[in-house]
Amino acid sequence: MTMTPSMSYHTTPADTHIRYANALTGLAAGDAWGYQVEFTSYAQMPAYPVAPPVGRWVISDDTQMTLALHWALAEVTDFADIETVTDAIIRQFLLWQVDPDNTRAPGRTCMTSLHNLRAGARWYDTDGAVESAGCGAVMRLVPTAFAPESYWLGLTALQAVITHKHPRAVVPALLLADTIRDAPEHRGRFVEHARTVAAQIYNGTSGWTADPYLRDVLAPITGDVSSYLVEGLDDGTADILTAAADRLEQLRPLSPAEFGDPCVGIGEGWESASAVALALLVADLATTTADDSPAALTGPKALAWASTSNGDSDSIACIAGGLIGSAHPENGYWAAAGLAPEFEPRYAEEIATTARRLPAGDTD
């Protein structure tokens, strides 16, 4: 669907369920696509772009943790009770930590933080969550982006700090969740939107700084949410978003065959800021804008390009797939685009089940 200057996207509750299903399918497909070449340098890629998996699509820790986060939110009836939500997320993450399928290059930060939490530390303790900006804080957050209005911001920060206690992890997570949440309205302008939200934080007009739930979530580590958010932007996040905007302008006149490595000039996606910026870049090139210009990439071709990177290929493609899926309120978007991944039976069933249940809590 192409958006003309006179059109805007008005989604219904039913559309939100469809978007969540499309996001889950997209993130899992991108994860499996990129996981094939996760630690392969761009120069050693088997093809340009990397072909989709043959046979079963094997997902990595990115999708596993996304599903764990979904189940944590699904078991909580009152998101206002931060301690209960925290316990639920930690419990599901700890179950994932010892799951027999957790053999797919799980992140060192996640595993270390969870080891500390299992030993009895709280995430905000000195010996609790690792103070890291790694991309584990952003690759799994789709469920919190679809949480009720009063809670999504704080829940996004909470799922991040439980394992990644660093402003440069939390702020990119908030920017990504915000973009996913209203993705149909910002198709083709995701990088631009994230930079606009960052500017609002800088100039003091962001409503995030006064969000009571976000304030309560971050209270154990900061009493000044505004300064905390600015710190996360100043620590390279704002510069990386600028680099992504510049790269987007360089790529728009080119054909996809000339795009090359997505990571050029931005970063490799191993940490949160560059992972989010790269995903926004990929998704911008896979969605239409208000000027009626066709997208350079289809959804599947976007996952292929995101996977063909000199960085954290599965996380970049996973995040991009979730964002692209969330931008489409059309039922069965990925199948219509020509993508029908055959996931392992366990995860095919989990994805189908989670797609039918939004993270609702007590709702607004």
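User: Let's start with one residue: what does L254 count as at 32% relative accessibility?

Analyst: The general idea first: buried means under 20% relative accessible area, exposed means over 50%, and partly exposed is in between (1.4 Å probe, protein chains only). With its 32%, L254 counts as partly exposed. Before we go on, a word on the source: this is a predicted model, where local features need pLDDT of at least 70, side-chain atom pairs count only at pLDDT 80 or more, and totals for chains, interfaces and linings use all residues. Residues are numbered from 1 along each chain as its sequence is written, and side-chain values use heavy atoms, with hydrogens and water left out.

User: Where along the chain is L254?

Analyst: Helices here are DSSP runs of H or I with at least four residues, strands are runs of E with at least two, and both are numbered from the N terminus. L254 sits in the loop between helix 10 (225-251) and helix 11 (272-284). Its C-alpha is 8.8 Å from that of A296, a residue 42 places away along the chain.

User: How many helices and strands does the protein have?

Analyst: There are 15 helices and 0 strands. For the overall packing, take the radius of gyration over C-alpha atoms and set it against the globule rule, 2.2 Å times the number of residues to the power 0.38. The protein comes out at 19 Å, close to the 21 Å that the rule gives for 364 residues, so it is as compact as a globular protein of that length. The C-alpha trace spans about 50 × 45 × 40 Å along its principal axes, and buried residues make up 60% of the 364.

User: How do I read contacts, and what does I201 touch?

Analyst: A contact means heavy atoms within 4.5 Å. Leaving out residues up to four places away in sequence, I201 touches S206, W208, L229, V230 and L233. I201 is part of helix 8 (residues 190-203) and is buried, with a relative accessible area of 2%. Across the whole protein, of the contacts between residues at least 6 apart in sequence, 77% join residues at least 24 apart.

User: Which residue is 309 places from P329 in sequence, and how far apart are they in space?

Analyst: That's Y20, 8.7 Å away, C-alpha to C-alpha. P329 belongs to the loop between helix 13 (313-326) and helix 14 (333-336), and it's buried at 15% relative accessible area. For another pair, try D125 and Y347: they are 222 residues apart along the chain, and their C-alpha atoms are separated by 34 Å. D125 lies in the loop between helix 4 (108-118) and helix 5 (142-145); it is buried too, with a relative accessible area of 16%.

User: How many disulfides are there?

Analyst: A disulfide is a covalent bond between the sulfur atoms of two cysteines. The test used here is a pair of cysteine sulfur atoms within 2.5 Å, and the count comes to 0.

User: Why does C110 have no bond to C135?

Analyst: The closest cysteine sulfur to that of C110 is in C135, but at 8.3 Å it is too far for a bond. C318 tells a similar story: its closest cysteine sulfur is also in C135, 9.2 Å away, again too far for a bond. As for burial, C110 has a relative accessible area of 2% and is buried, while C318 counts as buried at 1%.

User: What should I look for in the backbone?

Analyst: Most residues other than glycine have a negative phi, and most peptide bonds are trans. Now the cases here. A105 isn't a glycine, yet it has a positive phi of about 55 degrees. You'll find A105 in the loop between helix 3 (82-97) and helix 4, and at 30% relative accessibility it counts as partly exposed. Then look at the peptide bond from Y48 to P49: it is cis, with omega near -10 degrees. P49 lies in the loop between helix 1 (13-35) and helix 2 (61-74).
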